[in-house]
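I opened the model to look up how its helices and its sheet are arranged. My notes follow.

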Amino acid sequence: MEELDRVVHQWCDDNDRWMYIEYDRDGMVMGLNFMQGDEYECFKKDWCVSDRGLTEFYKQMLYTFPIECNKTSTLVFINKCMWAYHSAISSRDEYAEEKTTHDYLKKCRRHCTIYKTNTTVDR
């Protein structure tokens with residue numbers, strides 16, 4: 001079980017955000033959250049708790065993109081993960097009415113022709 005050792009409130013000027021980062025005793029990230037903008041009092045009040053979804057996304061990205069992780073600092077990599085996580089959620093929300101690829105294709109069929117081809121070769 002990870003044991004919380006320290007919490008850091010990190011301002012990132014390049015990305016215009018406050019970052020909340022929890023570290024365990026080994027210096028590994030165990031919790032993340034962020035708030036866009038520079039209003040520190042608002043950040044302290046409403047954003048200083050770990051976002052489990054973002055944290056798990058970050059941990060998965062450590063294994064998915066190990067080369068990228070090793071080529072940059074921890075804070076740069078965390079910021080990249082935060083942008084990717086936010087972008088994915090925003091895109092999902094923007095296209096939520098389509099729900100799934102299947103729903104999207106049903107919607108598309110009303111307005112276009114879809115050609116199906118068999119890609120298997122019989123021998």
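I began at the start of α2, where a side-chain oxygen of D51 comes to within 2.9 Å of the backbone nitrogen of G53. I count a polar contact as a pair of N or O atoms within 3.5 Å, one able to donate a hydrogen and the other to accept it, with residues adjacent in sequence counted only if both atoms are side-chain atoms. Helices (H or I, at least four residues) and strands (E, at least two) are DSSP runs numbered from the N terminus.

The model is predicted: local features need pLDDT of at least 70, side-chain atom pairs pLDDT 80 or more, while totals for chains, interfaces and linings use all residues. Numbering runs from 1 along each chain as its sequence is written, and side-chain values use heavy atoms, without hydrogens or water.

Which residues of α2 are buried (under 20% relative accessible area, 1.4 Å probe, protein chains only; exposed is over 50%, partly exposed in between)? I found L54, T55, Y58 and M61. Seen down the axis of α2, they fall within an arc of 120° (directions from the axis to the C-beta atoms), so they line one face. R52, E56 and Y63, on the other side of α2, are exposed. The cover over the buried residues includes β3 and α4 (contact: heavy atoms within 4.5 Å).

I then traced the open sheet, which has three strands in the order β1-β2-β3 with antiparallel pairing (at least two DSSP bridges per pair). β1 (4-12) and β3 (29-36) are its edge strands. Seven bridges join β2 (residues 17-24) to β3, and M19 stands opposite F34 in β3.
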